[in-house]
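Hi there,

Here is the structure I promised to pass on. Have a look at it first, and then read my notes underneath.

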Amino acid sequence: MTEEKLGLAVIGTGMAATPHARALRDLADRIDVRGVYSRTKEKREAFAAEYGFPAAGSIDALADDPTVDAVLLITPPNQRIELVRRFAEAGKHILMEKPVERTTGAAEEAVRICEANGVRLGIVLQHRYREASQKLKSLIDVGALGPIGLARADVPWWREQSYYDEPGRGTYERDGGGVLISQAIHTLDLMLSLTGPVSEVQAVAATTGFHKMESEDFVAGGVRFAAGFPGAVVATTASYPGDAESITLGCEKASVHLQSGVLTVSWRDGRTETFGETGGTGGGADPMAFPHGWHRDLIAAFAEAVREEREPVPSGRDALDVHRLIDALIASSRERRAIEISNPTS
């Protein structure tokens, strides 16, 4: 990596690539996009031309390029593990769209591959980088709110059937599941970054009559956190017309409600404070209806972590907690019993 810029390769030019491309244009003073690749030549060349990036001829060309310090993987989950292996073995740091992989076992393998090759692995869970999210994290970290007594996460989203009509979408083979791993993963990861891991869940998962799909579009579960307090999770893509996801924490000194980029703190002494501003969430029929600033800040933080030779936030290992929670919610519904979660620290 040069002192001036991080050399970055981009793999994947589908729908999820748009906010990344806009973010990378904003970061042109810090990040040099060395090449963009997708399997369809016409698509990658059109994408590269639209955003002013060079198109690359192959994966190997990027992996073997000494000016490429890191790679941004925006492929579907079923196209990840071999790309992780190829770039990690080439010594390239990796920033990858969520989820880490389709299953927790495969996600753990991706983490091991990167660690074995001494490269950083960051995951695009950008809700951590909202202004209001970071304000809430800071209030918790300094103890301003007192201990957490309960936590709730609600993801009342909507997707039209046309969304699931795309080949592979909502399947276990391509995506690894439905609403939990594809949509609610953002809110669940943010919740865990504030509360710490979950130790036990009891849940119901189902596919409603609103969608024809292989995996779940509705999950509701009671949870117990490792710190001892209870909570609840509700996530769906069957709640027309869709609303902003939210996290509510009941704490000793205040209750806090984080929704649509706005944090409301209701202090026990009667004061109310708000932080942040309302923004799109992608919770309605248009899954891309959100600003790209969170992606920009996450990518910038990843580049800084690479420069300073430290773990990015969130790292691949950080993201394993949310994968284990998703597994447990689905397993609890399938087995109709409470499921305990093992959250190893290494």
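Below is what I found, starting with one helix and moving on to salt bridges.

Please keep in mind that this is a predicted model.

Helix 5 covers residues 104-116. Its 13 residues should span 18 Å at 1.5 Å a residue, and the end C-alpha atoms are indeed 18 Å apart, so the two values agree. Several of its residues are buried, among them Thr 104, Ala 107, Val 111 and Cys 114. The cover over the buried residues of helix 5 includes helix 4 (81-89), strand 4 (93-97), strand 5 (121-124) and helix 10 (316-335). Just after helix 5, Gly 118 has a positive phi of about 70°.

Now to the charged side chains: the structure holds 24 salt bridges. One of them pairs Asp 26 with Arg 296, at 3.5 Å from N to O. Asp 26 sits in helix 1 and Arg 296 in helix 9, so this pair ties together parts that are 270 residues apart in sequence. Asp 26 is partly exposed, at 39% relative accessibility, and Arg 296 is partly exposed too, at 28%.

A more local pair is Glu 82 with Arg 85, also a salt bridge, at 3.5 Å from N to O. Both lie in helix 4, three residues apart, or about one turn of the helix. In an α-helix there are 3.6 residues a turn, so residues three or four places apart point the same way.

Finally, Arg 174 and Glu 166 form a salt bridge at 3.1 Å, N to O. Arg 174 counts as buried at 15% relative accessibility, whereas Glu 166 is partly exposed at 35%. Shared partners join Glu 166, Arg 169, Arg 174 and Asp 175 into one salt-bridge network.

Best wishes

Methods
Residues numbered from 1 in each chain as written. Predicted model: local features only at pLDDT ≥ 70, side-chain atom pairs only at ≥ 80, totals over all residues. Heavy atoms only, no water. Helix = DSSP H or I, 4+ residues; strand = E, 2+ residues; numbered from the N terminus. Expected span 1.5 Å × (residues − 1). Buried < 20%, exposed > 50% of the residue type's maximum accessible area, 1.4 Å probe, protein only. Contact = heavy atoms within 4.5 Å. Salt bridge = Lys/Arg side-chain N within 4 Å of Asp/Glu carboxyl O.
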